[in-house]
Amino acid sequence: MGKSLKWGWLAAALVCAGSVMAAGKSGKADAAQIGANIDAAFDVSASPTLQRWQAGGTVVLGTREAAPPMVYALGANEKFVGYHLELCERVVHAIAPKAQLKYMVLTPQNTMPLINNGTADFNCASMTNNLTRQKQVAFGLTTYVSEVRMAVRADSDITSFKQLQGRNVGAITGTTAVQILRKYASDNDLNFKTLMSKDQFESFLLLESGRVDAFVLDDNMLAGVIGQSKNPKGYKIVGEVIGAEPIAIQFSKNDPQIKKAVDGAILQMIRSGELHKLYSKWFMQPIPPKNVNLNLPMGEVLKKQLATPNDTPLEQFVLPQ
């Protein structure tokens, strides 16, 4: 066994030991058992990329310009912030403390090609883990579960999707949320008029102007657009969860050691409670630039997901009962 391999196994052992100690102090004796079935022991000697990072090399983090609170730019792309970006940064620092971070704006269209050819090392934006994408990139353990719900005005009486009968509903063309909404309407014999838009900002304008009674989309995107609006307190997110998608960071699938290292770092964040604190920072506390609190408590689906960490793709993802 080489020194690098020993280091990988030792690192994994220290993670577990540290979790057990922390659990003992907090009274949560089962913390170390979270993700106990996941192999997080990585061999640095088998990964030139990990060796380069650990020697102080540059790690390129893919970002988005406007996807709050997951990742977004402050100023003229002078600084990138957000829940998933900070998670990415912490993962890299756990794997390679000396690594230098560089940021690159990616689009949904070029993300996977640029990760495949090594231009970007990670995609820190919000992207659903599905089988088609797994053919091109690797996904870390699920770190967010987007729940399809709806935004309404604060004075609205709508609390359930079943109350959309005969109403006007806003949605974004080509999103999974639209497909889920249509299936829900069919299954529940609901009839309503759907006004389609190109993005969340255009759909939200329909809600602001009163042209629609509700705007259906992933909860994190709804929270983000409400937080950026002229009157964040004038809107709320309501409705039962009619669909959910596992979200995770992506990186090259050509190096299994990176996958083990990333999963190990995420596991430690879950076991120690660091990930839960990070969620609270971005979803339950004031965030820049307007210092608005999105007030989006962690959903039950994500809570259960973090209790049993995995990288299950959308096609096999089942909403817990």
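Is S146 buried or exposed? Select S146 and look: S146 counts as buried, because its relative accessibility is 0%. (Buried means under 20% relative accessible area, exposed over 50%, and partly exposed in between, with a 1.4 Å probe and protein chains only.)

Before going on, some ground rules. What you have open is a predicted model, in which local features need pLDDT of at least 70, side-chain atom pairs count only at pLDDT 80 or more, and totals for chains, interfaces and linings use all residues. Residues are numbered from 1 along each chain as its sequence is written, and side-chain values use heavy atoms, with hydrogens and water left out.

**Stop 1: the whole chain**

Zoom out and colour by secondary structure. You should find 11 helices and 16 strands. (These are DSSP runs numbered from the N terminus: helices are H or I with at least four residues, strands are E with at least two.) The C-alpha trace spans about 70 × 45 × 35 Å along its principal axes. For 321 residues, a compact globule would have a radius of gyration near 20 Å, and the chain agrees with that at 20 Å. (The radius is taken over C-alpha atoms, and the globule rule is 2.2 Å times the number of residues to the power 0.38.)

Turn on the surface now. About 14900 Å² is accessible, and 52% of that belongs to carbon and sulfur atoms. (Areas come from the Shrake-Rupley method with a 1.4 Å probe; for residues, only the protein chains shown count as cover.) Of the 321 residues, 51% count as buried. Among contacts with a separation of 6 or more, 74% are between residues 24 or more positions apart. (Contact means heavy atoms within 4.5 Å.)

**Stop 2: back to S146**

S146 sits in strand β8, residues 144–153. Show what surrounds S146: leaving aside neighbours within four places in sequence, the contacts are D218, D219, N220, G243, A244, E245 and I247. Then try a distance label from S146 to W282: C-alpha to C-alpha they are 15 Å apart, with their positions 136 residues apart in sequence.

**Stop 3: helix α3**

Next, select residues 83–95, which make up helix α3, and pick out H84. H84 counts as buried, because its relative accessibility is 0%. Beyond four places in sequence, H84 touches M70, C124, A125, T143, I247, A248 and I249.

Now click on Y83. Which helices does its ring pair tie together? Y83 lies in helix α3 and Y279 in helix α10 (residues 274–283), so the pair links parts 196 residues apart in sequence. The two rings are edge-to-face, 6.0 Å centre to centre with 75° between the planes. (Rings of Phe, Tyr and Trp, the last by its six-membered ring, pair if their centres lie within 6.5 Å; planes under 30 degrees apart count as stacked, over 60 as edge-to-face and the rest as tilted.) Both Y83 and Y279 are buried. Add Y144 and F283 to the selection, and you have a cluster linked by ring pairs, together with Y83 and Y279. The whole structure holds 12 aromatic pairs.

**Stop 4: helix α11**

Jump to residues 300–307, helix α11, and select L306. L306 is buried, because its relative accessibility is 2%. Leaving out neighbours within four places, L306 is in contact with I34, T142, I270, L275, H276 and M298. For another distance label, go from L306 to R133: their C-alpha atoms are 22 Å apart, and the residues are 173 apart along the chain.

**Stop 5: backbone oddities**

Most residues other than glycine have a negative phi, and most peptide bonds are trans. The next four picks are worth a look with that in mind.

- Select P68 and P69: the peptide bond between them is cis, with omega near 0°. P69 is in the loop between β2 (66–67) and β3 (71–74).
- Select P288 and P289: this peptide bond is cis too, with omega near 5°. P289 is in the loop between β15 (286–287) and β16 (292–293).
- Select D189: phi is positive, about 55°, although D189 is not a glycine. D189 sits in the loop between α6 (176–187) and β10 (193–197), and counts as exposed because its relative accessibility is 65%.
- Select N295: phi is near 50°, a positive value in a residue other than glycine. N295 is in the loop between β16 and α11, and is exposed at 52% relative accessible area.
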